[in-house]
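Me: Got a minute to look at this one with me? I'd like to go through a few spots.
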Amino acid sequence: MGRRHGALPTAEELRIWRDFVETTERLRSELASRLQGDSGLSPGDYAVLLALQEAEGHRLRSSELAAAVGWERSRLSHHLGRMERRGLIRRVECATDSRGAEVVLTAEGAQGFRRATLPHLRAVRELFVDPLAAGQLAAAGEIAEALRARLNASGAS
(Lines give C-alpha, C1' and ligand atoms only; values in the text may rest on other atoms or scores of the structure.)
Protein backbone atom coordinates (compact mmCIF):
# COMPACT_ATOMS: atom_id res chain seq x y z
CA MET A 1 0.00 0.00 0.00
CA GLY A 2 1.30 3.43 -0.89
CA ARG A 3 1.74 5.98 1.87
CA ARG A 4 -0.44 9.04 1.29
CA HIS A 5 0.21 11.17 4.37
CA GLY A 6 -2.56 13.68 5.00
CA ALA A 7 -5.05 11.92 2.71
CA LEU A 8 -8.11 10.13 4.06
CA PRO A 9 -7.79 6.35 4.43
CA THR A 10 -8.65 4.26 1.39
CA ALA A 11 -11.44 1.68 1.49
CA GLU A 12 -8.81 -1.07 1.91
CA GLU A 13 -7.05 0.82 4.73
CA LEU A 14 -10.40 1.29 6.48
CA ARG A 15 -11.20 -2.43 6.09
CA ILE A 16 -7.85 -3.31 7.69
CA TRP A 17 -8.45 -0.75 10.46
CA ARG A 18 -11.91 -2.17 11.23
CA ASP A 19 -10.57 -5.74 11.23
CA PHE A 20 -7.77 -4.69 13.58
CA VAL A 21 -10.06 -2.84 16.00
CA GLU A 22 -12.81 -5.47 15.98
CA THR A 23 -10.34 -8.32 16.47
CA THR A 24 -8.45 -6.61 19.30
CA GLU A 25 -11.76 -5.79 21.02
CA ARG A 26 -12.88 -9.44 20.73
CA LEU A 27 -9.50 -10.57 22.06
CA ARG A 28 -9.68 -8.15 25.02
CA SER A 29 -13.26 -9.19 25.74
CA GLU A 30 -12.45 -12.91 25.69
CA LEU A 31 -9.37 -12.44 27.88
CA ALA A 32 -11.41 -10.32 30.33
CA SER A 33 -14.18 -12.92 30.44
CA ARG A 34 -11.73 -15.74 31.12
CA LEU A 35 -9.85 -13.72 33.75
CA GLN A 36 -13.11 -12.88 35.55
CA GLY A 37 -14.33 -16.48 35.34
CA ASP A 38 -11.05 -18.03 36.46
CA SER A 39 -10.17 -15.63 39.26
CA GLY A 40 -12.96 -13.14 39.93
CA LEU A 41 -10.59 -10.33 38.90
CA SER A 42 -11.30 -7.74 36.24
CA PRO A 43 -8.55 -6.68 33.83
CA GLY A 44 -8.33 -3.44 35.83
CA ASP A 45 -7.86 -5.38 39.07
CA TYR A 46 -5.17 -7.49 37.43
CA ALA A 47 -3.34 -4.42 36.07
CA VAL A 48 -3.29 -2.78 39.52
CA LEU A 49 -2.20 -5.98 41.25
CA LEU A 50 0.53 -6.57 38.65
CA ALA A 51 1.92 -3.05 39.13
CA LEU A 52 1.93 -3.50 42.91
CA GLN A 53 3.43 -7.00 42.68
CA GLU A 54 6.32 -5.60 40.63
CA ALA A 55 6.84 -2.51 42.81
CA GLU A 56 9.48 -2.33 45.52
CA GLY A 57 7.84 -3.25 48.80
CA HIS A 58 4.60 -4.02 46.88
CA ARG A 59 3.53 -0.40 47.31
CA LEU A 60 3.23 2.65 45.08
CA ARG A 61 2.08 6.22 45.48
CA SER A 62 -1.31 6.74 43.85
CA SER A 63 0.22 8.98 41.17
CA GLU A 64 2.85 6.35 40.30
CA LEU A 65 0.20 3.64 40.14
CA ALA A 66 -1.99 5.78 37.87
CA ALA A 67 0.96 6.26 35.52
CA ALA A 68 1.84 2.55 35.64
CA VAL A 69 -1.65 1.44 34.59
CA GLY A 70 -2.26 4.41 32.28
CA TRP A 71 -5.39 5.70 34.02
CA GLU A 72 -6.63 9.10 35.10
CA ARG A 73 -6.30 9.54 38.86
CA SER A 74 -10.07 9.84 39.38
CA ARG A 75 -10.71 6.53 37.60
CA LEU A 76 -7.97 4.90 39.66
CA SER A 77 -9.36 6.30 42.89
CA HIS A 78 -12.82 4.84 42.25
CA HIS A 79 -11.35 1.50 41.23
CA LEU A 80 -9.09 1.37 44.28
CA GLY A 81 -12.11 1.96 46.52
CA ARG A 82 -13.76 -1.15 45.09
CA MET A 83 -10.54 -3.17 45.43
CA GLU A 84 -10.03 -1.97 49.01
CA ARG A 85 -13.56 -3.08 49.97
CA ARG A 86 -12.68 -6.54 48.59
CA GLY A 87 -9.46 -6.65 50.64
CA LEU A 88 -7.10 -6.74 47.63
CA ILE A 89 -5.26 -3.51 48.45
CA ARG A 90 -5.14 -0.93 51.21
CA ARG A 91 -4.41 2.78 51.08
CA VAL A 92 -2.12 4.29 53.69
CA GLU A 93 -0.71 7.75 54.27
CA CYS A 94 2.60 8.20 52.54
CA ALA A 95 5.40 8.06 55.11
CA THR A 96 7.46 10.70 53.29
CA ASP A 97 4.66 13.06 52.19
CA SER A 98 1.53 13.64 54.26
CA ARG A 99 -0.31 14.98 51.19
CA GLY A 100 -0.10 11.69 49.31
CA ALA A 101 -1.30 8.16 49.79
CA GLU A 102 0.37 4.89 49.01
CA VAL A 103 -1.42 1.86 47.69
CA VAL A 104 -0.25 -1.37 49.28
CA LEU A 105 -0.79 -4.92 48.06
CA THR A 106 -2.44 -7.04 50.77
CA ALA A 107 -1.74 -10.73 51.36
CA GLU A 108 -5.21 -11.41 49.95
CA GLY A 109 -4.44 -9.34 46.85
CA ALA A 110 -1.11 -11.12 46.33
CA GLN A 111 -2.84 -14.49 46.64
CA GLY A 112 -5.56 -13.47 44.17
CA PHE A 113 -2.92 -12.24 41.72
CA ARG A 114 -0.97 -15.52 41.99
CA ARG A 115 -4.17 -17.56 41.45
CA ALA A 116 -5.08 -15.52 38.37
CA THR A 117 -1.68 -15.42 36.69
CA LEU A 118 -1.26 -18.97 35.36
CA PRO A 119 -4.74 -19.25 33.78
CA HIS A 120 -4.38 -15.72 32.38
CA LEU A 121 -0.99 -16.46 30.82
CA ARG A 122 -2.36 -19.70 29.34
CA ALA A 123 -5.23 -17.74 27.78
CA VAL A 124 -2.80 -15.18 26.33
CA ARG A 125 -0.80 -18.03 24.78
CA GLU A 126 -3.90 -19.76 23.41
CA LEU A 127 -5.63 -16.67 22.01
CA PHE A 128 -2.70 -14.46 20.98
CA VAL A 129 0.64 -16.29 20.77
CA ASP A 130 -0.32 -19.69 19.34
CA PRO A 131 -2.40 -18.47 16.35
CA LEU A 132 0.52 -16.37 15.06
CA ALA A 133 3.65 -17.56 13.26
CA ALA A 134 6.91 -16.28 14.75
CA GLY A 135 7.19 -13.59 12.05
CA GLN A 136 3.61 -12.46 12.65
CA LEU A 137 4.23 -12.21 16.39
CA ALA A 138 7.35 -10.11 15.77
CA ALA A 139 5.38 -7.93 13.32
CA ALA A 140 2.62 -7.46 15.92
CA GLY A 141 5.26 -6.20 18.35
CA GLU A 142 6.65 -3.81 15.74
CA ILE A 143 3.14 -2.56 14.92
CA ALA A 144 2.37 -1.94 18.59
CA GLU A 145 5.69 -0.11 19.02
CA ALA A 146 5.09 2.12 15.97
CA LEU A 147 1.54 3.01 17.10
CA ARG A 148 2.66 3.68 20.68
CA ALA A 149 5.51 5.91 19.44
CA ARG A 150 3.05 7.98 17.38
CA LEU A 151 0.63 8.26 20.30
CA ASN A 152 3.43 9.24 22.68
CA ALA A 153 4.75 11.83 20.22
CA SER A 154 1.30 13.38 19.81
CA GLY A 155 0.68 13.46 23.56
CA ALA A 156 -2.32 11.12 23.37
CA SER A 157 -2.92 9.01 26.45
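Me: Which helix is H79 found in?
Reply: H79 sits in helix α4. Keep in mind that this is a predicted model.
Me: Buried or exposed, that H79?
Reply: Buried, because its relative accessible area is 10% and the cut-off for buried is under 20%.
Me: OK, and what does the H79 side chain make a polar contact with?
Reply: With the side chain of D45, at 2.7 Å.
Me: Which residues does H79 touch, leaving out those up to four places away in sequence?
Reply: S42, G44, D45, V48 and W71.
Me: Switching to the core. How many residues are in the largest nonpolar one?
Reply: It has 23 residues. V48, L49, L65, L76 and L80 have the most contacts inside it.
Me: Which elements each supply at least two of its residues?
Reply: α2 (43-54), α3 (62-69), α4 (73-85), β3 (101-105) and α5 (107-129). The largest share, 5 residues, comes from α2.
Me: What does L76 touch, again not counting residues up to four places away?
Reply: V48, S62, L65, A66, V69 and W71. V48 and W71 are also on the list for H79.
Me: New topic: where does H58 lie?
Reply: In the loop between α2 and β1 (59-61). H58 has a positive phi of about 55 degrees, although it isn't a glycine.
Me: And why does H58 count as partly exposed?
Reply: Because its relative accessibility is 32%, and partly exposed covers the range between under 20% and over 50%.

Technical notes
Residues are numbered from 1 along each chain as its sequence is written. This is a predicted model: local features need pLDDT of at least 70, side-chain atom pairs count only at pLDDT 80 or more; totals for chains, interfaces and linings use all residues. Side-chain values use heavy atoms; hydrogens and water are left out. A nonpolar core is a set of buried Ala, Val, Leu, Ile, Met, Phe, Trp, Tyr and Cys residues joined through side-chain atoms within 4.5 Å. Buried means under 20% relative accessible area, exposed over 50%, partly exposed in between (1.4 Å probe, protein chains only). Helices (H or I, at least four residues) and strands (E, at least two) are DSSP runs, numbered from the N terminus. Contact means heavy atoms within 4.5 Å. A polar contact is a pair of N or O atoms within 3.5 Å; within protein, one must be able to donate a hydrogen and the other to accept it, and residues adjacent in sequence count only if both atoms are side-chain atoms.
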